[in-house]
Amino acid sequence: MMWRALQVMMEKEFKQILRDTVISRMLFVMPLIQLAVLANAATFEVKRAALWVVDLDQTPVATAMVDRLTASGRFYIAGSGMSPAQGERSLLDGRATAVLTIPQGFARDIGTSGRSTVQLVLNAVNGSQAGVTQGYATQIIARYAAELGARGAGPQGQSPTARPSVRPMVEVRTRGWYNASLDYRRFMVPGILVQLITMIGTLMTALNIVREKEAGTLEQLNVAPLSPGTFIAGKLLPLWIISLGVFSAGLLIAVFGFDVPMEGSLLLLYAGAALFLVGALGVGLWISTIADTQQQALFVTFAVLMVYILMSGLFTPVRGMPEWVRTLAQANPLLQFIALTRAIMLRGAEAMDVWREFLALGLIGPTVLALAIRQSRKSVA
Amino acid sequence: MTMPPETSVVGDHPSTLAIRAQALSRVFGAFTAVDAISFDVGQGEVFGFLGANGAGKTTAIRMLTGLLAPSSGAATVAGFDIRHDAARVRERIGYMSQRFSLYDDLTVHENIRLYGGIYGLTDEQIASREKDLLSRLAFTSSASLRVGALPLGWKQKLAFSVALLHSPSIVFLDEPTGGVDPVTRRQFWELIYQAAADGTTVFVTTHYLDEAEYCDRVSIMVDGHISALGTPASLKAEFAADDLDEVFVRLARGATKS
């Protein structure tokens with residue numbers, strides 16, 4: 001390592017990056033916008049679903065159930081009528097996202113056998129949204145059913161044990177991922193923070209080096225007695241430091257702006273970030289060796305990041321993917337780091353709990369960087 | 001075709017060789033860009049490296065500066081083998097490409113500091129050389145200007161001076177005066193002469209044949225070969241031509257690639 005050359009190279013990089021008004025502004029504004037917008041947009045919560053009601057029963061029991069649905073704040077009545085065909089049409093033309101059909105004899109069946117059925121038809125084009133809507137409806141109806149059972153038992157003077165069949169009137173299956181008590185922002189913010197520094201680290205590295213290629217200054221550096229190690233350190237260290245700075249800014253916004261808890265060790269989190277960035281910058285370096293123009297670099301970076309993000313478990317759980325994707329996804333540093341960040345921030349995990357993620361990041365990062373360095377040496381000769 | 005004599009060195013610089021190329025070749029797939037060229041350049045010489053576009057000049061320069069590995073043949077630059085001692089070669093050469101090679105978004109001073117530092121100069125060395133450089137170019141008042149704001153002619157002169165900052169023994173100039181006005185070109189050549197007078201070998205490619213007349217010796221590349229090599233006067237005599245332009249056109253017309 002040539003320390004003098006490294007010093008002036010790093011000075012130069014900091015000056016150039018901070019002097020570029022567009023880039024330096026993006027560095028400060030991007031974490032804020034991404035966290036504010038994405039954290040709110042990237043939720044699976046369904047605030048108010050449009051409900052169409054086909055009440056063929058027309059009894060107080062049926063009306064009370066509909067009231068329960070609207071009173072929950074999860075549903076509003078987009079329309080109602082006696083025609084099942086009309087209900088179907090409302091789903092088709094988009095006026096409603098769910099149609100609740102209460103059959104004739106609904107209240108009577110509950111009175112006599114303690115059992116009845118309602119039909120909920122959902123527009124499931126957006127699968128996760130439909131799942132969440134279904135979950136809400138099922139929960140509310142089940143709660144109402146339980147109340148009916150309890151109340152029904154009282155006034156008629158019958159002991160609850162005399163009619164045990166009333167209790168499980170509607171079967172409710174609860175799945176953790178739409179657990180209503182879960183705060184989605186808490187879950188999303190750490191993940192978004194991670195993809196943010198991936199984006200900055202990888203993209204900035206790739207563009208930075210390719211820009212010098214385009215300008216011809218890279219050739220000037222190649223003619224200079226700059227060892228490959230000094231060149232790469234001079235390029236990557238400033239970007240590594242800046243990425244950690246952006247991570248810190250994002251972390252502050254997450255904790256103080258979004259109430260995301262910081263349960264675990266800050267030191268452990270930074271160790272993970274530092275290790276993760278080695279790989280993220282390595283990918284940027286690799287892209288810079290295969291791209292000749294900034295346009296190409298941008299294109300390749302987005303293609304790579306897309307796969308990264310989709311296979312990271314940020315928006316869609318990897319658990320639900322085919323076996324081979326799941327295996328492949330283990331090599332995705334983004335997946336490991338998102339898991340690590342969530343574990344440390346939300347659950348307060350300690351080093352012993354996340355050694356697997358650390359091991360994975362420790363293997364992936366240096367390997368990627370080593371391959372990228374090898375590739376960059378090849379492209380010079 | 002005239003082959004250059006193996007070790008022809010002009011009388012003025014007989015002592016040491018700055019560059020010696022022996023059957024240096026570079027092949028790209030089926031295309032031979034540089035075909036076994038051999039020549040010597042003496043220390044302190046101004047050597048004009050001429051040739052039409054595509055004749056192989058840039059490929060040859062890239063090999064001599066260590067940017068490109070030769071396919072076969074050998075060369076020593078500043079006394080070191082370009083294949084095995086590339087790092088030592090790099091410490092002893094300066095390079096200015098036909099593409100502008102300073103950073104537009106850094107100031108004159110910052111560019112000087114960067115390149116000085118890369119070549120291992122201390123802060124004191126950089127400060128004193130920067131002062132000399134700026135006063136020689138009459139740039140003293142412009143040290144804190146961004147290079148991007150300078151006129152092209154100034155940039156080229158500055159780039160040349162920065163390439164000499166670490167006192168290299170050889171400086172390679174690849175079409176340094178492209179796109180520059182005649183007055184600035186003349187000033188540029190005055191800088192070249194000054195460098196040569198200080199003992200620096202200047203290896204320069206150009207398309208301006210009036211500039212070639214200023215060189216101690218010139219070589220003319222055609223289709224990857226060196227077709228002529230000698231002092232401007234001897235080449236004119238050899239080809240019975242009035243000027244180098246005529247020599248060049250006569251040789252280049254026989255080319256198959258350009």
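Q: Patches are made of residues with over 30% relative accessible area and no salt bridge, and nonpolar side chains are joined within 5 Å. In this predicted model, which residues make the nonpolar surface patch of about 480 Å²?
A: The patch is made by F28(A), V29(A), L32(A), I33(A) and V37(A). One of them, L32(A), belongs to helix α2 of chain A, which covers residues 21-41.

Q: Why does L32(A) count as partly exposed?
A: Partly exposed lies between the 20% limit for buried and the 50% limit for exposed. The relative accessibility of L32(A) is 48%, so L32(A) counts as partly exposed.

Q: What makes the pair K213(A) and D292(A) a salt bridge?
A: The rule asks for a side-chain nitrogen of Lys or Arg within 4 Å of a carboxyl oxygen of Asp or Glu. For K213(A) and D292(A) the N to O distance is 3.8 Å, so the pair meets the rule. The two residues are 79 residues apart, with K213(A) in helix α7 (residues 184-215) and D292(A) in the loop between α10 (266-290) and α11 (294-310) of chain A. By this rule the count over all chains comes to 26 salt bridges.

Q: Why is D292(A) called exposed, and why is K213(A) called partly exposed?
A: Exposed requires a relative accessible area over 50%. D292(A) has 51% and is therefore exposed. K213(A) has 23%, which places K213(A) in the partly exposed class.

Q: How do you know that D40(B) and R20(B) meet in a salt bridge?
A: Their N to O distance is 3.1 Å, set against a limit of 4 Å, so the pair qualifies. The pair links strand β2 (residues 31-42), which holds D40(B), with strand β1 (residues 17-28), which holds R20(B); the two residues are 20 residues apart in chain B. With a relative accessible area of 3%, D40(B) is under the 20% limit and therefore buried. R20(B), at 25%, counts as partly exposed.

Q: What makes D123(B) and R113(B) a salt bridge, and which parts does the pair tie together?
A: At 2.9 Å from N to O, the pair is within the 4 Å limit, so the rule is met. D123(B) lies in helix α4 (residues 123-137) and R113(B) in helix α3 (residues 108-118) of chain B, so the pair ties together parts ten residues apart in sequence. Salt bridges with shared partners join R113(B) and D123(B) into one network with R4(A), E11(A), K15(A), R19(A) and E110(B).

Q: Why is R113(B) called buried?
A: Its relative accessible area is 16%, under the 20% limit, so R113(B) is buried. D123(B) has 39% and is partly exposed.

Methods
Residues numbered from 1 in each chain as written. Chains lettered and ligands numbered in written order. Predicted model: local features only at pLDDT ≥ 70, side-chain atom pairs only at ≥ 80, totals over all residues. Heavy atoms only, no water. Patch = residues over 30% accessible without salt bridge, like charges linked within 9 Å, V, L, I, M, F, W, Y side chains within 5 Å. Areas by Shrake-Rupley, 256 points an atom, 1.4 Å probe, with all protein chains shown as cover. Helix = DSSP H or I, 4+ residues; strand = E, 2+ residues; numbered from the N terminus. Buried < 20%, exposed > 50% of the residue type's maximum accessible area, 1.4 Å probe, protein only.
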